[in-house]
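Thanks for coming. I have one structure to go through today, and I will take it from the salt bridges outward.

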Amino acid sequence: MANDVVLFKRQLIHDIKNGIVRRYKVYVLFMILLSVVLAFWDKRIALYTTDKAGLIDYLIYIFSGKEEITNLTVQDVFDIPIAWLFVHIYTLFSIGTYPKTEYVERGYQFLIRAGNKWCWWLSKCIYIFLSTILYYISILFFCLLFTTINRGSYTVINREICTRILGVNLSEITDTKLFLCTVIMPILLFMALNFLCMLISFINNNILAVIAMMGYLSVSAYWCSDFLLGNYTMLLRAQKMQFGTGITVSLLVIILSGALGYGYFKSLDIYSREEEV
């Protein structure tokens with residue numbers, strides 16, 4: 001038992017060092033791209049008003065999504081919520097693909113020496129949890145940074161910007177739903193996507209896992225359903241969604257993906273591993 005704890009600590013430190021610290025360029029690129037997205041948003045605001053966006057306004061912009069589509073048209077197909085799609089897809093590349101990549105490059109060596117798959121897999125699950133929190137904090141940080149640069153408000157919502165430009169009717173959205181849609185559900189959805197990505201990547205490979213998750217997100221962008229979790233991070237659909245269901249489904253996806261993934265991983269023959277990522 002004591003030996004397992006030592007192995008787990010060693011593996012977790014390894015994952016934090018190699019999955020976060022040494023992959024800092026992945027996060028730097030995310031910050032650069034997010035800055036571009038927010039800068040374009042500022043330019044768009046300037047076309048309508050001299051008011052400046054604040055912290056909550058930036059979060060509302062990122063997680064506004066798009067309204068439910070009743071009759072899909074060609075115009076709707078190309079009307080993509082870029083900021084929403086960007087933050088959801090990038091988490092797959094920055095976090096979700098790491099476990100399989102690390103296994104192919106270095107992880108199997110640890111497993112051959114230690115022979116403890118449970119410690120290795122549990123470490124990856126905790127890595128996803130920690131990295132997802134860090135990922136959301138980086139989004140929050142850059143919203144704070146842009147708010148400070150523009151001298152916007154940290155606590156007050158600019159209703160003209162949100163209603164006139166984004167079409168988000170805040171009078172119909174409670175503070176609780178606003179918090180759930182811009183804080184709780186994004187974190188849970190990022191985790192669910194990354195756990196699913198990890199599961200699929202081990203069953204097949206990282207490329208298929210990312211494509212599958214991108215397809216799932218794309219469907220969420222165009223159709224409204226309680227089981228399409230992307231809907232829960234769209235404020236334009238907040239009135240239609242039951243967030244209790246969203247939280248429950250997200251947690252089930254995380255738990256089942258982790259459990260099923262471990263079951264599959266446990267059966268893998270590490271001595272004849274495939275060389276595909």
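Before the first pair, the criterion: a salt bridge here is a side-chain nitrogen of Lys or Arg within 4 Å of a carboxyl oxygen of Asp or Glu. What you are looking at is a predicted model, so side-chain atom pairs were counted only at pLDDT 80 or more.

The first pair is K124 and D15, whose side chains meet in a salt bridge at 2.9 Å, N to O. K124 sits in helix α7, residues 117-150, and D15 in helix α1, residues 2-21, so this pair ties together parts that are 109 residues apart in sequence. Are these two charged residues buried or exposed? K124 counts as buried, with a relative accessibility of 0%. D15 is likewise buried, at 0%.

K124 has a second partner. Its side chain also meets that of E102 in a salt bridge, at 3.3 Å, N to O. Here the link runs from helix α6, residues 98-114, where E102 is found, to K124 in helix α7, and the two residues are 22 apart. E102 counts as buried too, at 1% relative accessibility. Taken together, D15, E102 and K124 are linked in a network of salt bridges.

How many salt bridges are there in the whole structure? The search finds 3. The one I have not yet mentioned joins the side chains of E160 and R164, at 3.1 Å, N to O. These residues are 4 apart in helix α8, residues 159-165, so about one helical turn separates them. The setting is on the outside to some degree: E160 is partly exposed at 35% relative accessibility, and R164 is partly exposed at 49%.

Now the overall fold. The protein has 11 helices and 0 strands. Buried residues make up 52% of its 277 residues. If you take the contacts with a separation of 6 or more, 79% of them are between residues 24 or more positions apart.

On to the packing. In soluble globular proteins, nonpolar side chains tend to be buried together. In this model the largest nonpolar core has 83 residues, and those with the most contacts inside it are L34, W41, I60, I62, V87 and I139. Which element gives the largest share of this core? That is helix α9, residues 175-203, with 16 residues.

Two of those core residues are worth a look on the screen. I62 lies in helix α3, residues 55-62. I62 has a relative accessible area of 1%, and therefore counts as buried, the limit being under 20%. Leaving out residues up to four places away in sequence, I62 touches L34, L38, A83, W84, V87, I139 and C143. With one of these, L38, the C-alpha separation is 8.6 Å, for residues 24 apart along the chain.

V87 is the other. Setting aside neighbours within four places in sequence, V87 is in contact with F30, L34, I62, F63, Y135, I139 and F190. L34 and I139 are in contact with V87, and I62 touches both of them as well.

A word on cysteines. The structure holds 0 disulfides. C119 is buried, with a relative accessible area of 4%. C197 is also buried, at 0%.

Last, the surface. The accessible surface of the protein comes to about 13,500 Å², and carbon and sulfur atoms account for 66% of that. Which residues form a nonpolar patch on the surface? They are Y24, V28, I32, V36 and F40, which together have about 500 Å² of accessible area. Y24 is found in helix α2, which covers residues 24-46. At a relative accessible area of 48%, Y24 is partly exposed.

To recap: there is a network of salt bridges linking D15, E102 and K124, a largest nonpolar core of 83 residues, and a nonpolar patch on the surface that includes Y24. That is what I have; I will leave the model on the screen for discussion.

Terms used. Residues numbered from 1 in each chain as written. Predicted model: local features only at pLDDT ≥ 70, side-chain atom pairs only at ≥ 80, totals over all residues. Heavy atoms only, no water. Patch = residues over 30% accessible without salt bridge, like charges linked within 9 Å, V, L, I, M, F, W, Y side chains within 5 Å. Areas by Shrake-Rupley, 256 points an atom, 1.4 Å probe, with all protein chains shown as cover. Buried < 20%, exposed > 50% of the residue type's maximum accessible area, 1.4 Å probe, protein only. Contact = heavy atoms within 4.5 Å. Disulfide = S-S within 2.5 Å. Core = buried A, V, L, I, M, F, W, Y, C linked by side-chain atoms within 4.5 Å.
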